[in-house]
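Please look at the structure below with some patience, turning it slowly before reading on. The paragraphs that come after it lead from the enclosed spaces to a strand beside them, and then out to an open pocket.

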Amino acid sequence: MVVLSNPGLDQISLLGSPKVIACSPCVPVIDLSKPDAAASVVEACEEFGFLKVTDHGIPVELMQRLEAEAVKFFSLSTVEKERSGPPDPFGYGNRKIGANGDVGWLEYLLFAVASKPLSYTFMDFLREPAACSFSSALKEYLAAVRTLASKVLELMAEGLDIEPRDVISGLVMDENSDGIFRLNHYPPCPVLRGYNYGLTGFGEHTDPQVISVLRSNNSTGLQISLKDGSWVSVPPDEESFFINVGDSLQVLTNGRFRSVKHRVVASGWESRVSMIYFFGPPLAEKIAPLPQLMGEGEHSLYKEFTWDEYKKAAYKSRLADNRLGLFEKREVTDDQRL
């Protein structure tokens, strides 16, 4: 890894593309209409913590409408966009990710999402009459993705053979659930043209929530880390959704599901637009392995904590930090007992 010397790029890291494997077969693709969808979802969560879902029931036209509205916003002048920022933590942001020194080649809108009634953070640009179409597309999209997330989580419960079927989905569909929606724009970086490097768009990290549901345009850039630590490039598909297992779901399954480490690499040529809905439980919810999944004599790998405690710890950390490490139980050896 090297760092660009161009001061305008704020010391954003460069990543050498030769180390990344283009690996379509590495990404599980699951047709939600198939009878074996539940088992396939569980298998993907255990092996990768990541999957692509098709036949999801959300019209492509709705995805494209919101993408067009996002592009329209990100095409505004910097002055106009910054009226809806800086993010604290919600609002418009540019390059700076969080409050602990992480930066990336992107700009974004970050919304808090309330469940009942479905609502989101109000921002300055939404006051404009022209923003009515943005608001309409956003609200319709959020409602559709909530339905999809609930279906995927219930398929997980079915595949794990646990009852009730809404034991996981109920955590994030609760009226007090803690949702976040992010619109990211990774502009092309002309300085990189002619070089075999990509620029860090969003640094490597896991998502702290239960799951996140991602959709992007047809630009490359998303990469996931496999169990052996190698990085693979995820082929884009603007008609499908990608599901990330988050840290909280890893704990709920006592490590059976894997929270996937992922990142986005920006290029010199393509503009990438992505939309991610993060599904978190209510702040007071205790995060611990589901009793239905614990075998006889099996112990939790994690200390019990609330979502509020974990969320605060995540906000204090850097992107690449192992956040769950703070909450893992350490085995006591015989030497330590003496």
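What follows is a guided reading of a predicted model.

We can begin with the empty spaces that are closed off inside the protein. A search of the whole structure finds three cavities of 30 Å³ or more, and the largest of these holds about 150 Å³ of space. Its lining is made up of 15 residues, and those that lie nearest the centre of this cavity are N184, H205, H262, V264 and I276. Two or more lining residues come from each of the strands β9 (178-186), β10 (197-205), β15 (262-266) and β16 (272-280), with β16 giving the largest share, namely four residues. In chemical character, the lining of the largest cavity consists of seven nonpolar, five polar and three charged residues.

One of these strands, β15, deserves a slower look. Where does it sit with respect to the rest of the structure? Five of the five residues of β15 are buried, so this strand is largely enclosed by the rest of the structure. In a regular strand, side chains alternate between the two faces of the sheet. In β15, H262, V264 and A266 point one way while R263 and V265 point the other way, and all of them are buried.

The pairing of β15 can be followed next. Strands β10 and β15 run antiparallel and are joined by four bridges; within this pairing, L199 has A266 of β15 as its bridge partner. Strand β12 (residues 222-225) also pairs with β15 in the antiparallel sense, over three bridges, and here Q223 has R263 of β15 as its bridge partner.

From the enclosed spaces we can turn to an open one. The largest pocket has a volume of about 710 Å³, and of the 30 residues that line this pocket, I97, G98, L110, R182 and Y315 are the closest to its centre. The elements that give two or more residues to the lining of the pocket are β6 (91-97), β7 (102-114), β9, β10 and α7 (307-315). The lining of the largest pocket divides into 14 nonpolar, eight polar and eight charged residues.

A last point concerns cysteines. How many disulfides does the model contain? If a disulfide is taken as a pair of cysteine sulfur atoms within 2.5 Å, the count comes to zero. Two cysteines can be described by their surroundings: C132 is exposed, with a relative accessible area of 55%, whereas C189 is buried, at 1% relative accessibility.

Definitions and conventions. Residues numbered from 1 in each chain as written. Predicted model: local features only at pLDDT ≥ 70, side-chain atom pairs only at ≥ 80, totals over all residues. Heavy atoms only, no water. 1 Å grid on protein atoms, 1.4 Å probe; cavity = no way out; pocket = protein on both sides within 12 Å on 5 of 7 lines; lining within 4 Å. Points joined across faces, edges and corners; volume = space filled by probe spheres on them. Nonpolar A, V, L, I, M, F, W, Y, C, P; charged D, E, K, R; others polar. Buried < 20%, exposed > 50% of the residue type's maximum accessible area, 1.4 Å probe, protein only. Pairing = 2+ DSSP bridges.
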